[in-house]
Amino acid sequence: MLKQRALLGACITLGLLSTPLYADTLRISIMGEPASLDPHKISGTWENDVAGDLFEGLITEAADGERIPGVAESWEISDDGTVYTFHLRENARWSDGEPVSAEDFVFAFRRILNPATAADYAYLLYPVKNAEAVYTSEADPETLGIEALDDHTLQITLERSTPYFLDQLSHYTAYPVPRHVVEEHGDAWSRPGNMVSNGPFALERWQSQTRIEAVRNAHYHSHDDVALDRVIYFPIEERNTALNRFRAGEIDVARDFPTQQYGWLQDNLPDATQTAPFLGIYYFVVNSRDGHPTADPRVREALSLATRREVITEQILGTGEEPAYSFVPPGVSHYEPQQPEWVELSQDERMARASELMQDAGYGPDNPLELMLRYNTSEDHRRVSIALGAMWEPLGVEVDLYNSEVAVHYTDLRQGDFDVGRAGWIGDYNDAQNFLSLLESGVANNYGAYSNPEFDALMAQAADTQDLDERGEIMAQAERLALDDAAVLPIYYYVSRNLVNPALQGWENNIEDIHRSRWVSFED
Amino acid sequence: MLYYVFKRLLQAIPTLLIVITVSFFLMHMAPGGPFDGERQLPAEIEANLLATYHLDQPVWKQYLLYMGNLLQGDFGPSFRYKDFSVTELIMQGFPVSLELGLWAIGLALLIGMPLGIIAAIKRNSTVDYMVMGTALAGVAVPNFVIAPLLALVFGVLLAWLPVGGWNDGHWRNMVLPVVALSIQQIAYIARMMRASMIEVLGSQYIRTARAKGLAEHEVIWGHALRPALLPVASYLGPAIAGIITGSVVIEQIFGIPGIGRYFVQGALNRDYTLVMGTVVFYGALIVLVNLIVDLLYSALDPQIRYDN
């Protein structure tokens, strides 16, 4: 008997030893310290990594980024595309066991649009009826287009048909928040100890600037499908530190790695180094305001023609980015990115045409064009800016470089104090409209103040078009127009960069670089 | 003595007031605001955010508001880290920086002082040249070079120690950052100790002591050491204040949750309250540490008395 017990004990011990204790814990480095874990108070991609594991919206993301049902099991959309009726899962629960009700969504939507919440990203919900009016206190919160028909039926009414709205519902701005907890703790509801969430994982511990620990949420509707027991997020801003910790085996996933190490990583850690097309564009704004030489479309086109994107991506950066001729990155759903017609020309032909355009515009070696180019502090931005100066020099362009930190840089762009300025845009959602709207007249992020009534009219027409492919074609016409006007200088499409432990399964690259720990497991 | 301490603390108030006022207005003069970034927020959202943090008011009003809150011990909310107040951020980060800094300064004294003394005694010998050469290298090589090198060699290649993280202050996580932080201090202290020891050893009373026939170790330990420590002690004041308020570089590289990073991050993010909080805290700490050093002075040098 005693012998048997000893044997059993030995077997258990051996069993424990043979499966490493850490096998069910995912350790992931995120790019910074979250501003908050309250989904209404965040705006960064690294916060999304954590919030998306803790919470789940009506719609959620599959491993490959595809949108799949989340808290909503099914839904109907009215014929005019303005009324969405969602049927919520009966077994959706908060991590304290309370049911997730339609009322929690109503509460959350009203809260994020309440000006007192001071949510940066509240405007993402502006497609909802009366959302903007509620935010500016011109309408009562009760008039917001969201209503709980019963505990498990939720109706959302939009201002107008918005084809990308379902996608948006997976964004953290549309997550539910637990009314019973928020009302009890107020703003402190999202702290460890108070926080209750409805996603695959629940917050256990948050040590500021060090680590966030989440454990599997036993009340999650699909918790049986979740392989990991625990996820630890380490906020690491310094990319080299993340790389070193990955190499030392201290973390399983590093979200981003230092671009300068790309070559080394490809040689030494090829299985772990993951790069993939990403929903973002690196571009230079050209100032179209009166009084700037770049207000002349001929000058803008000449600059674009003389910009050798391949040289920038391959020789100057060499970090896997793809040269960009369109403003909307490839891979956006229901959309075919456009290119200016001169893409077919050789570099010599492009330069000849650029020189002609500059001459027409009144510039040349005798009458050089002086341009003020602004970029925000970063070694890569500096190198690209210097390269642009060199590429434009044969056209008789003299570039004065101005460098400033990011907050100052964008203030200067906003005030129009530049001719050419560095910018970047990461899509909020997978839709061409999110990029092209940056070129609509009077839009806040339209730094170059590009304004073309024809473009605006096409965008308005697209907004009223129900059929997704037809809508995409109209937007493509608009993009073509803007590219022919050289409204911006696209340089390259961003790529996502991750280091992923090869023993990890269920990690799939996708254009939005969204990876929910719910889908991830370790090889046995 | 107590009266002296009281007087010094009283004098600190106008000093801090000036520091706070100058920093406050300088910071608000810097272009860009806390909500300026890659994305321009819609006008009504930005206006609401500014109003929430009283940034829509004239700067002098914001100043009065800030001073009013400060008098009640309220550093305000951080604009960036929304789940914590500035007081909480400082109180979470400071113990970490303090622990790390004290270890580093302790290690620096433990190694730097004997090295300096040995170099002084064996002046112009091979030992002296070796110690001073190494110290010069220690001063010259910045810690943003040393720290990643240490991490690479002992963390990644040899795998003896963790590359980063704090792990609640486990000693294994502390070794590399403490060493990286102390190397420059070791070098400074060794050089300073050597110089002041040489000066003291050349003075009249040491000659008298030797003339009395005292053994060399009695001369060094009994007579030369205490006066030779004075310059080191006065250096220690600002050095300790600097080191325990955290090193941005070391904290970033080893991923340590101290307060050093708040100085830089706060300034870059235009997180006004966080910047002010760290400035006030740092200012008060310098005043305090300097006072302690001055008191230490009187213990080292009998000529200095604070009785009147």
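Reader: Which residues have the most contacts inside the largest nonpolar core?

Author: In this predicted model, they are Leu54(A), Phe109(A), Leu113(A) and Leu125(A), within a core of 97 residues. Helix α3 (residues 102–112) of chain A gives the largest share of this core, 7 residues.

Reader: What makes Leu54(A) a residue that touches Phe201(A)?

Author: Contact requires C-beta atoms within 7 Å. Leu54(A) touches Phe201(A), and also Leu37(A), Ser197(A), Gly199(A), Ala202(A), Leu203(A) and Ala214(A), with residues up to four places away in sequence left out. The C-beta atoms of Leu54(A) and Phe201(A) therefore lie within 7 Å.

Reader: Why is the set that includes Trp392(A) called a second, separate core?

Author: This core of 69 residues also includes Met459(A), Ala487(A) and Leu489(A). Members of a core are buried and joined through C-beta atoms within 7 Å; the set is separate, so no such link joins it to the core of 97 residues.

Reader: How do you know that β1 and β10 of chain A pair?

Author: Pairing needs at least two bridges. Strand β1 (residues 25–30) and strand β10 (residues 230–235) have 6, in the parallel sense, and therefore qualify. Arg27(A) stands opposite Ile232(A) in β10(A).

Reader: What makes β9 of chain A a partner of β10(A)?

Author: Strand β9 (residues 211–216) and β10(A) share 4 bridges in the antiparallel sense, which meets the requirement of at least two and therefore counts as pairing. The bridge partner of Ile212(A) in β10(A) is Tyr233(A).

Reader: How many residues does each chain bring to the contact?

Author: Chain A brings 40 residues and chain B 39. On the side of chain A, α13(A) gives the largest share, 6 residues.

Terms used: Residues numbered from 1 in each chain as written. Chains lettered and ligands numbered in written order. Predicted model: local features only at pLDDT ≥ 70, side-chain atom pairs only at ≥ 80, totals over all residues. Contact = placed C-beta atoms within 7 Å. Buried ≥ 20, exposed ≤ 12 C-beta atoms within 10 Å, placed from the backbone.
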